[in-house]
Amino acid sequence: MADCGNEKGQGDSANNPCALECAIQFLQKYPEFTEFVLSKSSYKFDIHALIDEAKRLDLKTTVEDIQSEFDANGTSSELYNADQSDAEHSQDMSSVLSNLLDTPTADNETKTEEPINESSERNVFQDITKQLNKKRNLRRNQRENFRKMQARGYAAHAQAAAASRGSSEVQTTTLPNKLVVSSAEPNAAVSRISIAFRAGSRNETADNLGAAHVLRAAGGLSTKTATAFGITRNIQQAGGTLTSLADREVVSYTVAVTKDQLEVGLKYLEATATGQVFKPWELAELVPIMRNELARLPTEVQAVELLHKAAFRDGLGNSVFCPDYLVGKHSSETMQHYFATNCTTNRASVAGVGVDHQLLVGFAQSLALESGAGSDNKSTFNTGEVRREGSGSRAAVAVGAQAVGWNSLKEAMAFWVLQYAAGVGPATKRGANNGTLTKALGGVNCSALYNGYTDNGMFGFIVSGNAKDTGKAVEAGVKALKSLSVSDACVARGKALAVMAVADITENQSSLQHQLGEESVLLGQVYKKSDLIAAVNAVTTGDVQAAARKVASSKLALGAVGNLSHVPHLCELH
């Protein structure tokens, strides 16, 4: 192959046997490019196209080989400069292939090679033709099989697809630093990953009251490695979402992206959850946001918050929302101390849906978090009431008695079934309240209430409506709570509703991901869907009646907001 170069404007390959020889030698060395070469007219092509084809075929070694040979024998390294026009990088096939196939000698002497005879050329192209025919036949058979599958339905196809997917069962791993990793549904189209901490409002003290609310509002602000603008822009460009949630026990950060943008999502999730710096001027910008949230709280939510304050005082009694008089009073140092105390590996979990479990474990191992168990703020149930008078003609009242926490799954399930048996509102539009408890509350908005936490819980009811009607409903509700009893039919209805709630949570990927994160960080384990349904079905009428008797014998707490002129005080209800 002494001279395979072509002059500009030379004829096609039929008049250029040297180009044909080079093409044959190229395909002998790189048979993966058969279709690519044969599809090019006159064996001319763009270098970018060749390298892109190698990348598409995932031939990393071939890409490196081609690039190294071009660096040595090609025109120049500028061949790969994307700013230059395609015309500059387009060469005749024979010229390029000669560079690819020749190896430079030490003395740069002219290289010679024996020409390829016609029979060898014919054999090579016969092999190429056979390969192409096989591919065409394969595609034809695939189309025919697909038509047959459509004719007989998709049942068999669905079974085969299910068998080929990875296991959707929950997987859990506890790292040596006590961080818990859990995952499920690895083949979901959207990847959802969260980092959760036991840093909810129950961990606040008098010195940092409202810090959990600030921590939630500060999600997405500048971190050690990214600015607020950078986080927002890159998550938006990836078509994802980044959210932060907080309740009485957990603060979590969650990113949702498509699988091809998972690397971007994990990068900024890690930055948001582990690298916050709480710049003073950014904290000041949160003040109007937090005040807007407080101003828009429904009266029913306010009543439940006041009920927690009356029942638990501190710990679980701390509101999820920052007190109005403390908005804007949290310094950068206060937030950094709260974060460092409560956001450690021992108090953290990583949960994911739509992501490979081992990938998630590797991500969790790379998190820059300090170790430490922190302190558990225990809370005990107390009797008491907190009332917040307001103008208007409406009132919202929440009444609660002591229950159990989720550390006792069997008892907690009994209280959960009791909540549905007691009534959680109409099941249909303009329907009636047919629950054991809600039937006694009259024509006001009402629902049974069960708030379960790690080590404690509360069962009761909430009502809202016209002030006069609400007052009467509270009196009737307390009487019904003190004499609460359930029948077999009520328990069966409650169990059916609880099973439906479990299925609804676990089959919705967003709520499933939230459940995985909370169970991992609070309990150190994750319950499978089958385990939860089995636990519900294992509840007996006797278990639910025992829970009802515990409520009836418990002290009560009350939280009320609005026009309370007709709402009785707690001492009057006792």
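This is a short tour of one protein chain, stop by stop, for use with the viewer open.

**Start with the whole chain**

Keep in mind that the model is predicted. Show the full chain as a cartoon. Its secondary structure comes to 23 helices and 13 strands. Of the 574 residues, 49% count as buried. Now think about contacts between residues with a separation of 6 or more: 78% of them join residues 24 or more positions apart.

**Stop 1: the loops around strand E4**

Select lysine 178. This residue sits in the loop between strand E3 (171-174) and strand E4 (180-184). Check its backbone: phi is positive, about 75°, although lysine 178 is not a glycine.

Move along to glutamate 185. It lies in the loop between E4 and E5. Here too phi is positive, at about 50°, and the residue is not a glycine. Is glutamate 185 buried or partly exposed? Its relative accessibility is 30%, so it counts as partly exposed.

**Stop 2: valine 190 in strand E5**

Select valine 190. You are now in strand E5, which covers residues 190-197. Valine 190 is partly exposed, with a relative accessible area of 26%.

Add alanine 256 to the selection. Valine 190 and alanine 256 are 66 residues apart in sequence, yet their C-alpha atoms are 6.7 Å apart in space. Show the other neighbors as well. Leaving aside residues up to four places away in sequence, valine 190 touches Ala256, Val257, Val353, Gly354 and Gln509. Remember Gln509. It returns at the helix stop, where it belongs to the H20 side of a contact.

**Stop 3: asparagine 208**

Go on to asparagine 208, in the loop between E5 and helix H9 (211-217). Its relative accessibility is 9%, so it counts as buried. Show the side chain and look for threonine 205. The side chain of asparagine 208 reaches the backbone nitrogen of threonine 205 at 2.7 Å.

Which residues does asparagine 208 touch, not counting those up to four places away in sequence? They are His330, Thr334 and Tyr338.

**Stop 4: serine 244 in strand E6**

Select residues 241-246 to bring up strand E6, then pick out serine 244 within it. Serine 244 has a relative accessibility of 18%. The cut-off for buried is under 20%, so serine 244 counts as buried.

Follow the side chain next. It reaches the backbone oxygen of arginine 216 at 2.6 Å. Arg216 is also among the residues that serine 244 touches; the others are Gly219, Ser252 and Tyr253, with residues up to four places away in sequence not counted.

**Stop 5: isoleucine 289 in helix H13**

Select residues 287-295, which form helix H13, and find isoleucine 289 there. With a relative accessible area of 45%, isoleucine 289 is partly exposed. Now add alanine 217. The two residues are 72 apart along the chain, and their C-alpha atoms are separated by 8.0 Å.

**Stop 6: two cysteines**

Select cysteine 343 and cysteine 446. Cysteine 343 is buried, at 3% relative accessible area. Cysteine 446 is buried too, at 9%. How many disulfides does the structure hold? The count is zero.

**Stop 7: helix H19 and its partners**

Select helix H19 (residues 488-507) together with helix H20 (residues 509-523). They pack at an angle of about 95°, with their axes 5 Å apart. That angle makes H19 roughly perpendicular to H20. On the H19 side, Asp504, Ile505, Thr506 and Glu507 make the contact. On the H20 side, look for Gln509, Ser511, Leu512 and Gln515. By class, this contact has two nonpolar, four polar and two charged residues.

Keep H19 and swap H20 for helix H21 (residues 529-537). H19 and H21 pack at about 170°, with their axes 9 Å apart. H19 is therefore roughly antiparallel to H21. From H19, show Lys495, Ala498, Val499, Val502, Ala503, Thr506 and Glu507. They meet Lys529, Leu532, Ile533, Val536 and Asn537 in H21. The contact of H19 with H21 has seven nonpolar, two polar and three charged residues.

To finish, color Thr506 and Glu507. They take part in the contact of H19 with H20, and they also meet H21.

Note on methods
Residues numbered from 1 in each chain as written. Predicted model: local features only at pLDDT ≥ 70, side-chain atom pairs only at ≥ 80, totals over all residues. Heavy atoms only, no water. Disulfide = S-S within 2.5 Å. Buried < 20%, exposed > 50% of the residue type's maximum accessible area, 1.4 Å probe, protein only. Axes fitted to C-alpha atoms, helices over the stretch in contact; angles between N-to-C directions. Helix = DSSP H or I, 4+ residues; strand = E, 2+ residues; numbered from the N terminus. Parallel < 35°, antiparallel > 145°, perpendicular 65-115°, else oblique. Contact = heavy atoms within 4.5 Å. Nonpolar A, V, L, I, M, F, W, Y, C, P; charged D, E, K, R; others polar. Polar contact = N/O pair within 3.5 Å; in protein donor to acceptor, adjacent residues only side chain to side chain.
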